[in-house]
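I opened the model to look up how one helix is capped, what it packs against and which hairpin lies in the same chain region. My notes follow the display.

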Amino acid sequence: MKDKWYSQGLRFQCQGSGKCCSSRGQYGYVYLTGDDRERMARQLNLDLESFTKKYCKKQGRNTYFLKSGKSPDCVFLNKKKCSIYEARPIQCKTWPFWPESMDAKVWSQEVESFCPGVGKGRLYSQKDIESIIEEQISSEL
């Protein structure tokens, strides 16, 4: 069996640039699970219905994502910091280890070249990375 390109692990530590919280081209949606919406609503002292009406758009039957504002930045980004960090969506918690990012070419072109936290800080083992990927996959609707 061939080793994964990241079998030696990858270093990542958030640098607080806020770049991942700003829409860029096709990467403009923050999808939300039901748990995400409930957690975010609680953080903002809103009931689920009010939170959803104010901050979410629905796509299809059960898919929700955050509405975008006038700027490409997430509505919860304030001075390069997440104003709901403790309740942030799973999509945000698992960055940059998304299933679609874990192809060597995609990582190089779409993550490493964009995110200043790649190559810094903690070394995530292959097992760590695959656990994070599984967390995101299992949370999807």
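I take a polar contact as a pair of N or O atoms within 3.5 Å, where within protein one must be able to donate a hydrogen and the other to accept it, and residues adjacent in sequence count only if both atoms are side-chain atoms. The model is predicted, so I note that local features need pLDDT of at least 70, side-chain atom pairs count only at pLDDT 80 or more, and totals for chains, interfaces and linings use all residues. Residues are numbered from 1 along each chain, and side-chain values use heavy atoms, without hydrogens and water.

I looked first at the N-terminal end of H2, which aspartate 47 caps with a side-chain oxygen 3.1 Å from the backbone nitrogen of glutamate 49. Helices (H or I, at least four residues) and strands (E, at least two) are DSSP runs, numbered from the N terminus.

Which residues of H2 (residues 48-55) are buried? I found Phe51, Thr52 and Tyr55, buried meaning under 20% relative accessible area and exposed over 50%, with partly exposed in between (1.4 Å probe, protein chains only). Seen down the axis, they fall within an arc of 95 degrees, taken from the directions from the helix axis to the C-beta atoms, so they line one face of H2. Glu49, Lys53 and Lys54 are exposed on the face turned away from that buried side.

I then checked the cover over the buried residues of H2, which includes S2 (31-32), H1 (34-43), S3 and S4, contact meaning heavy atoms within 4.5 Å.
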